[in-house]
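The following exercises concern the model displayed here. Each task is followed by a solution that proceeds step by step.

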Amino acid sequence: MVSGRGIVLSGEELALLAAVFWRGGLSRAEVAARLDVSRSKANALLLGLSARDLLSESGTRSSTGGRRPEVLGLSDAIGVFAAIDLGATSLDVAVLAPDMTVLAHRAEPADVRNPPTQVFARARDLLRALLRERDLSPTAVRAIGVGVPGPVAFETGQLVEPPLMPGWQRFSIRDCLAEDYDAPVFVDNDVNLLALGTLWQVRAQLQNFIVIKIGTGIGCGIICHGALYRGADGSAGDVGHICVDPNGPRCSCGNVGCVEAMAAGPALGRLAMEAARSGRSAPLQAVWLERGALSAIDLGDASRAGDPVANRIIQEAGAQIGEMLASVINFFNPSHVFVGGGVAQIGPSLLAAIRHSIYRRSLALSTRHLDIRYMPNPHTNGILGAGVLAIQEALLRPAQPRSGSDRARTSPE
Ligand SMILES: [Zn+2]
């Protein structure tokens, strides 16, 4: 089997590389045990991979950070992986080593409503600068992982009718990056990357969990049996448009009462403005008169300062998100729910309300061992996920025909 840049790898070699990657390094004894092969067979596999500069004996075990010569890690000779994580209002670009050590990282505000050529011109500038910073040439980039805040057909890497990003559907992120890099580009939904980043951070020790992002929209990433689950067409986890109130406000998708239209960032900003304009909340009114606008962050500040109106808005939003999640949990039975995204950071009362609503609405068996908590390291999780996507697809997966585009070309329909 062939994996990336024409390197021929057997199934056992791929399994070994993947095990070394996910464990952050393995000793020879651990390799033999994990692959269930003899020591001599393990040694032969290790020798073959070392000879091709994929493994190195002095690799560091990244979970401890200490150098242990007997530990085998992915070789730095593999190259580096580029990560671009585009949110609705943010752009993160990073360069990562094969063991997912972040070598360079830049984060700045962005607006996906701008034309894609403009947004990606900036992403390309940042990536070029980060590589220069580490004295790396563009040819060192082995693969690129990209996250975008909209639905993606993973096989083609194209956005499909993204509600937040009109104008992006005909833009090819792959072609754009191919102008700078002779490396494969893998594009996925930003919430899927958060799920992959979380899977990496727990070293794949959890096999069935979901990640929920509450920001400008609401989305869910699904890890099923230790792998990212994208569904038949790539739209699995698009939970933001689940209806929680048939009499609710109209959503950007055209339907009414979607949880995203009632409890995501823009909805919370709108509810805060209503409370300020009507004078129901004096603290929110004061901030509004000073700044002329209110966001979910202001709502969180007012709630933490004891404003009962702000607190009630957050309670209701948490209850609606929890109600949606209760259905997801009854259906999927995850062990963990990791909550992240900008709105999740507004204060503990939102997470408390989500928890309360989930436990009230879910079946006893689905919540018996359920753990609901904040996502680990939310500020680097997206770029870690993009790095994991890049290395997984370019190096750790057997090569497969690109079924999406091939099917489109050869279909008799
Ligand atoms: Zn909707």
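Two residues are in contact if their C-beta atoms, placed from the backbone, lie within 7 Å. The model is predicted: local features need pLDDT of at least 70, side-chain atom pairs count only at pLDDT 80 or more, and totals for chains, interfaces and linings use all residues. Residues are numbered from 1 along each chain as its sequence is written.

**Exercise 1. Describe the overall dimensions and contacts of the protein.**

Step 1. Among contacts between residues at least 6 apart in sequence, 64% join residues at least 24 apart.

Step 2. The radius of gyration is taken over C-alpha atoms, and the globule rule is 2.2 Å times the number of residues to the power 0.38. For 413 residues, a compact globule would have a value near 22 Å; the protein has 23 Å, which agrees. Its C-alpha atoms fill a box of roughly 75 × 50 × 45 Å along the principal axes.

Step 3. Domain bounds come from an automatic or database domain assignment. The assignment gives domain 1 (2-77), domain 2 (79-196 + 380-403) and domain 3 (205-375). Between the C-alpha centres of domain 1 and domain 3 there are 41 Å.

**Exercise 2. Determine how the open sheet is ordered and which strands stand at its edges.**

Step 1. Helices (H or I, at least four residues) and strands (E, at least two) are DSSP runs, numbered from the N terminus. The protein has 15 helices and 16 strands. Two strands pair if DSSP finds at least two bridges between them.

Step 2. The open sheet consists of 5 strands in the order 14-13-12-15-16, with mixed pairing. Strand 14 (227-228) and strand 16 (371-374) each have a single partner strand, so one side of each is left without a neighbour in the sheet.

Step 3. Strand 12 and strand 13 are antiparallel over 6 bridges, with Ile-210 opposite Ile-222 in strand 13. A hairpin through 3 residues connects these two strands.

Step 4. Strand 13 is also antiparallel to strand 14, over 2 bridges, and Ile-223 stands opposite Leu-228. The hairpin between them has 2 residues, and His-225 in the turn has a positive phi of about 55°.

Step 5. Strand 15 (residues 336-340) runs parallel to strand 16, joined by 4 bridges; Val-337 has Ile-372 as its bridge partner there.

**Exercise 3. Identify the helices that pack on this sheet.**

Step 1. Axes are lines fitted to C-alpha atoms, for helices over the stretch in contact, and angles run from 0 to 180 degrees between N-to-C directions.

Step 2. Strand 15 is among the strands touched by helix 6 (residues 190-201), together with strand 12 (209-214), strand 13 (218-224) and strand 14; the helix makes about 45° with strand 13.

Step 3. Helix 12 lies across strand 15 and strand 16, at about 165° to strand 16.

**Exercise 4. Establish which parts are buried.**

Step 1. A residue is buried if 20 or more other C-beta atoms, placed from the backbone, lie within 10 Å of its own, exposed if 12 or fewer, and partly exposed in between. Buried residues make up 45% of the 413 residues.

Step 2. In strand 13, 6 of its 7 residues are buried. In strand 11 (residues 185-189), 5 of its 5 residues are buried. Strand 11 pairs in the parallel sense with strand 8 (residues 141-148) over 5 bridges, and Val-187 is the bridge partner of Val-146.

Step 3. Helix 10 (residues 296-304) has buried residues including Ala-296, Leu-299 and Ala-302. Their cover includes helix 8 (265-277), helix 9 (282-291), helix 11 (308-332) and helix 12 (348-361). After helix 10 comes Gly-306, with a positive phi near 100°.
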